[in-house]
Amino acid sequence: MIYTLTTNPSIDYIMRLDEFCDGKTLRSTAEEKYAGGKGIMVAKILKNLGDDPINLGFLGGFTGEFIKKELARLEIKEKFTKIAADTRINVKLKYDTETEINAQGPDITKEEIEDFYKKLEDINKDDYLIISGSLPKSLGSDFYKEVIEKTGCKFSIDIANKEVLDYLKYKPVLIKPNEEELANIFETEISSEDDLIKYAKKLNSLGAKNVIVSLGAAGSIFVDDKNIFKADAIKGDLINSVGAGDSMVGGFIYAISKGHEKLDAYKLAIACGTATAFSPDIASRKKIEEMSKKVEVKEIGN
């Protein structure tokens with residue numbers, strides 16, 4: 001079983017504009033609302049791949065009800081903990097570029113946290129837990145560590161700062177920084193492919209079983225204790241950058257959970273991430289299959 005954890009979900013409210021002008025009253029040309037949050041994004045791609053994941057986290061208020069209804073419509077299972085405060089709304093402006101305004105998130109009480117912990121009792125050591133996204137301030141910085149220790153299951157973690165180093169002792173199945181995040185983790189500058197490989201290997205040596213470094217238009221690099229693979233980016237029109245990284249994580253964990261070889265898991269991760277980037281929302285199974293035919297990976301070291 002694959003579980004996804006979204007402690008700070010959101011309604012992603014997308015507004016499309018012909019142009020943006022600061023200080024003016026603007027009119028959008030179109031609006032869309034989606035159930036958002038990195039764990040929810042991962043659950044969507046897993047569902048489209050044919051898996052049946054379970055969402056965990058916190059939901060509250062009218063915004064939380066919207067997300068529950070959206071997940072029910074998509075036939076995605078959830079065991080969210082109900083909270084008194086409202087789940088957040090993130091606004092994403094799309095014009096000739098993209099601007100995101102992400103809310104902080106709700107306050108969560110000690111009683112609500114205890115209710116959440118009870119739901120972790122269903123997870124066993126052979127399950128996978130995909131941890132990703134920001135923490136509401138009320139949870140405290142060690143919340144993810146407590147979850148990992150309480151479950152003892154296989155897990156991946158996708159957080160965007162050097163705090164990820166604190167989780168490597170738990171031996172995550174996957175870490176997926178982008179190039180900027182990798183530099184921030186080690187407080188260094190990365191100026192070459194050799195640097196990328198060096199610091200990806202360092203994550204691996206510190207405990208991360210598998211590392212994917214996403215490089216945007218330059219593709220990605222995969223590292224484990226035996227292999228170094230590289231894939232160039234698949235050419236196409238970028239429609240949606242939201243959820244592409246989450247789709248990579250979902251694709252990789254899906255393949256690993258089914259017993260596939262790591263190279264095949266990496267290829268599926270690329271196909272899923274690319275398919276979402278070329279789609280208005282999380283990619284469909286058809287789009288993933290289309291991208292899978294275009295994935296090219298080469299071995300560049302060990």
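Two strands count as paired if DSSP finds at least two bridges between them. Helices (H or I, at least four residues) and strands (E, at least two) are DSSP runs, numbered from the N terminus. The model is predicted, so local features need pLDDT of at least 70, side-chain atom pairs count only at pLDDT 80 or more, and totals for chains, interfaces and linings use all residues. Residues are numbered from 1 along each chain as its sequence is written, and side-chain values use heavy atoms, with hydrogens and water left out.

**Exercise 1.** Determine the strand order of the open sheet that contains E12, and identify its edges.

*Solution.*
Step 1. The open sheet has four strands, in the order E11-E12-E13-E14, with antiparallel pairing.
Step 2. Strands E11 (211-214) and E14 (297-301) each have a single partner strand and therefore stand at the edges, one side of each being left without a neighbour in the sheet.
Step 3. On average, neighbouring strands of this sheet are turned by 25° against each other, direction ignored. Axes here are lines fitted to C-alpha atoms, for helices over the stretch in contact, and angles run from 0 to 180 degrees between N-to-C directions.

**Exercise 2.** Describe the pairing of E11 with E12, and name the helix that lies across the sheet strands.

*Solution.*
Step 1. Four bridges join E11 to strand E12 (residues 220-223) in the antiparallel sense.
Step 2. Val 213 has Ile 221 of E12 as its bridge partner.
Step 3. Helix H6 (residues 193-205) lies across E11, E12, strand E13 (228-231) and E14, and runs at about 40° to E12.

**Exercise 3.** List the buried residues of helix H4 and the elements against which they pack.

*Solution.*
Step 1. Buried means under 20% relative accessible area, exposed over 50%, and partly exposed in between (1.4 Å probe, protein chains only).
Step 2. In H4 (residues 143-151), the buried residues are Phe 143, Tyr 144, Lys 145, Val 147, Ile 148 and Thr 151.
Step 3. These pack (contact: heavy atoms within 4.5 Å) against strands E1 (2-6), E4 (54-60), E9 (128-132) and E10 (154-158), and against helix H3 (110-119).
Step 4. Gly 152, with a positive phi near 65°, follows H4.

**Exercise 4.** Locate Glu 75 and Lys 171, and classify the accessibility of each.

*Solution.*
Step 1. Glu 75, a residue other than glycine, has a positive phi near 60°. Its loop lies between helix H2 (61-73) and strand E5 (77-78). Glu 75 counts as exposed because its relative accessibility is 59%.
Step 2. Lys 171 is not a glycine either, yet its phi is positive, about 60°. The loop holding Lys 171 lies between E10 and helix H5 (179-185). At 49% relative accessibility, Lys 171 counts as partly exposed.
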